[in-house]
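Here are some notes for a colleague who is reading this model alongside its sequence. They are set out as numbered points, to be followed on the structure itself.

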Amino acid sequence: TGSVVGFQLDDDGMPFMVFSSMSAHTKDVLKDGRVSLTILAEDFKGAAEGRVILVGDMRKNFDKEKQVKLREKYLEKHKEAFWIDFGDFTYFTFTELKAIRFVGGFAMAGAVTPEEYFAAKPDPLAPFAKHVIGHMNDDHSDATQKIVKKAIGIPVSDAQIVGMDRLGMTVKAKLEIGQGGYSKVRVPFPYEVTERSKVKEVIVALTEGAADA
């Protein structure tokens with residue numbers, strides 16, 4: 001069966017969950033530990049939006065010492081999970097990651113090997129990208145429109161940044177060409193950005209470069 005669940009990553013990058021013994025998915029995992037976890041983009045509304053699918057094996061965790069650490073990490077992400085200490089809830093952890101598939105939308109898909117996944121490091125902009133994105137979308141959407149137009153040579157409207165990392169940003173914009181329609185556009189930064197102080201600098205540079213767009 002398919003279920004909507006909360007999850008967190010342990011120190012090794014393995015997903016883990018906390019399930020009630022009364023849930024149907026708990027019984028399914030105990031019977032057959034082969035699982036897939038689909039993680040949707042925050043703006044997910046359909047097939048055109050991004051998602052990642054992790055495929056692997058999951059098992060019940062009996063290590064009491066590790067459960068203490070998992071509890072702390074789970075509550076870091078799910079602060080309102082007061083039920084985590086109820087007696088009928090149990091920790092389940094991925095024990096093997098067999099495949100990772102990425103779908104960025106229509107005609108944008110690929111795969112990541114488990115080795116590549118475990119060797120990867122968090123993007124340096126991850127801790128504050130959401131704040132920067134919110135500020136740009138709330139106060140500078142007109143600048144974002146010009147930046148996208150400069151990048152692809154097509155007028156756009158209703159441009160909203162939906163992703164940002166050290167190499168660039170992803171913008172969902174309405175293309176003002178033909179019948180129009182929304183599309184996601186990748187706008188690369190002119191150089192790699194690894195510090196918060198440099199984010200404003202690179203966005204200002206992109207804005208100034210697109211002033212005549």
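**Notes on the cores and the first hairpin**

1. In this predicted model, M164 touches L125, A129, V132, I133, M169, F189, V199 and I203, where residues up to four places away in sequence are not counted.

2. M164 is also among the residues with the most contacts inside the largest nonpolar core, a set of 25 residues, and the others named with it there are L125, M169, V171, F189 and V199. At least two residues of this core come from each of helix 4 (126-139), helix 5 (141-152), strand 7 (156-165), strand 8 (168-175), strand 9 (182-188) and helix 6 (196-209), and helix 4, with five residues, gives the most.

3. Another core, of 13 residues, lies apart from the largest one, and its members include F7, M17, V29 and L37. In soluble globular proteins, nonpolar side chains tend to be buried together.

4. M17 leads back to strand 2 (residues 15-20), which is mostly covered, since six of its six residues are buried. P15, M17 and F19 point one way from this strand, whereas F16, V18 and S20 point the other way, and all of them are buried. In a regular strand the side chains alternate between the two faces of the sheet.

5. Strand 2 runs antiparallel to strand 1 (residues 8-9), to which two bridges join it, and within this pairing Q8 stands opposite F16. The two strands form a hairpin with five residues between them, and in the turn G13 has a positive phi of about 90 degrees.

How values were computed:
Residues are numbered from 1 along each chain as its sequence is written. This is a predicted model: local features need pLDDT of at least 70, side-chain atom pairs count only at pLDDT 80 or more; totals for chains, interfaces and linings use all residues. Side-chain values use heavy atoms; hydrogens and water are left out. Buried means under 20% relative accessible area, exposed over 50%, partly exposed in between (1.4 Å probe, protein chains only). Helices (H or I, at least four residues) and strands (E, at least two) are DSSP runs, numbered from the N terminus. Two strands pair if DSSP finds at least two bridges between them. A nonpolar core is a set of buried Ala, Val, Leu, Ile, Met, Phe, Trp, Tyr and Cys residues joined through side-chain atoms within 4.5 Å. Contact means heavy atoms within 4.5 Å.
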